[in-house]
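Let's take a walk through this structure together, one stop at a time. Keep the sequence and the 3D view side by side as you read.

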Amino acid sequence: MINYIEGKVIAKIEGYAIIENNGIGYEINVSNTTLVQLPTIGEIAHIHTVMLVKEDDISLFGFATLEEKELFNKLTTVSGVGAKSALAILSSQSYASLVACIINGDANTLAKAKGIGKKTAERIVLELKDKVSAVDALSIRANCLDESSIMIRQDVADAIDLLVSLGIPSGQATTLVKRFAEEYNTAEELVSHALQNLNS
């Protein structure tokens, strides 16, 4: 089992990244949330991994944080949620928002993830609500309080809408905009810097 990989970022493409370690390039499936948190190409990344072995395939899935890795593992225990579906869910919005949805029983928001239907979303809430720890719940509430002043800003909302209209997934758009929200205060500036850092 490969628990983590540390190495040079060779490529960052939607859906996966290539990390070089000791002359070997590892293709690692990642969520958009992890993708935007990875260092720029050429820099060293430390990425937590899960290795899944099937009869005809060996795949690596990577995560910027242990919390995201843990949520991925929990999601894949739900009937009907495979590794690719779990990544789609993790790409749909931030870790904090996803855990909040599970805690609050918000299946409708979970169902917005690519390839996730209403019934699957309801199963996720039903099966994982009691598996999300009290520590997670407290952390999410704290994060929501910290983010509230940013997320209610009109320029931030407009910038996210513009990026989504350009075909960028909402989770990735939100993460990109939040990176620059404290430094810039117009939608145009936020969109400009988000696009410049789309693949960095």
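Start with helix H3, where the buried residues are Ala83, Ala86, Leu87, Ala88, Ile89, Leu90, Ser91 and Ser92. That makes H3, which spans residues 83-92, a mostly covered helix, with eight of its ten residues buried. Bear in mind that what you're looking at is a predicted model.

Let's stay with Ser92 for a moment, which sits in helix H3. Its relative accessible area is 16%, and buried means under 20%, so Ser92 counts as buried. Now look for Thr174: Ser92 and Thr174 are 82 residues apart along the chain, yet 9.7 Å separates their C-alpha atoms.

While you're in that part of the sequence, find Ala173, which belongs to helix H9 (residues 170-180). Is Ala173 buried or exposed? Ala173 has a relative accessibility of 0%, so it counts as buried. Measure along the chain from Ala173 to Leu195 and you cover 22 residues; go through space, C-alpha to C-alpha, and the distance is 9.4 Å.

Next up is helix H4, running over residues 95-104. Like H3, which is mostly covered, H4 is mostly covered too, and here seven of the ten residues are buried. If you want to pick them out, the buried ones in H4 are Tyr95, Ala96, Leu98, Val99, Ala100, Cys101 and Ile102. Just past the end of H4 you'll meet Gly105, whose phi is positive, at about 70°.

There's a positive phi elsewhere as well, and this one isn't in a glycine: Asn22 has a phi near 55°. Where does Asn22 sit? You'll find Asn22 in the loop that links strand S2 (16-21) to strand S3 (24-30). Asn22 is exposed, because its relative accessibility is 75% and the cut-off for exposed is over 50%.

Another loop is worth a visit, the one between helix H1 (32-37) and strand S4 (44-54), because that's the place of Leu38. Leu38 has a relative accessible area of 7%, so this loop residue is buried. The C-alpha of Leu38 is 8.1 Å from that of Val9, a residue 29 positions away along the chain.

Now for some rings. How many aromatic pairs are there? The count comes to two. In one pair, Phe63 and Phe72, the ring centres are 4.9 Å apart and the planes meet at 45°, so the pair is described as tilted. Phe63 and Phe72 are both buried. Add Phe61 and you have one aromatic cluster, made up of Phe61, Phe63 and Phe72.

From rings, let's turn to charges. Side chains of opposite charge can pair when their charged atoms come close. This structure holds two salt bridges. In one, the side chains of Lys74 and Glu70 meet at 3.2 Å, N to O. Both partners lie in helix H2 (residues 66-75), four residues apart, which is about one turn of the helix. Are Lys74 and Glu70 buried or exposed? Lys74 counts as buried because its relative accessibility is 14%, whereas Glu70 is partly exposed because its relative accessible area is 40%.

The other bridge joins the side chains of Glu122 and Lys118, at 3.7 Å from N to O. Glu122 and Lys118 both belong to helix H6 (residues 118-128), and here too the partners are four residues apart, about one turn of the helix. Glu122 is partly exposed at 40% relative accessible area, and Lys118 is partly exposed at 42%.

Our last stop is on the surface. Which residues gather in a patch of negative charge there? They are Asp158, Asp161, Glu188 and Glu189. The elements that give two or more residues to this negative patch are helix H8 (154-165) and helix H10 (187-196). Asp161, for one, lies in helix H8. With a relative accessibility of 52%, and exposed meaning over 50%, Asp161 counts as exposed.

How values were computed:
Residues numbered from 1 in each chain as written. Predicted model: local features only at pLDDT ≥ 70, side-chain atom pairs only at ≥ 80, totals over all residues. Heavy atoms only, no water. Patch = residues over 30% accessible without salt bridge, like charges linked within 9 Å, V, L, I, M, F, W, Y side chains within 5 Å. Areas by Shrake-Rupley, 256 points an atom, 1.4 Å probe, with all protein chains shown as cover. Salt bridge = Lys/Arg side-chain N within 4 Å of Asp/Glu carboxyl O. Lys, Arg positive; Asp, Glu negative; His and termini not counted. Charge placed at Lys NZ, Arg CZ, Asp CG, Glu CD. Buried < 20%, exposed > 50% of the residue type's maximum accessible area, 1.4 Å probe, protein only. Phe/Tyr/Trp six-rings, centres within 6.5 Å; stacked < 30°, edge-to-face > 60°.
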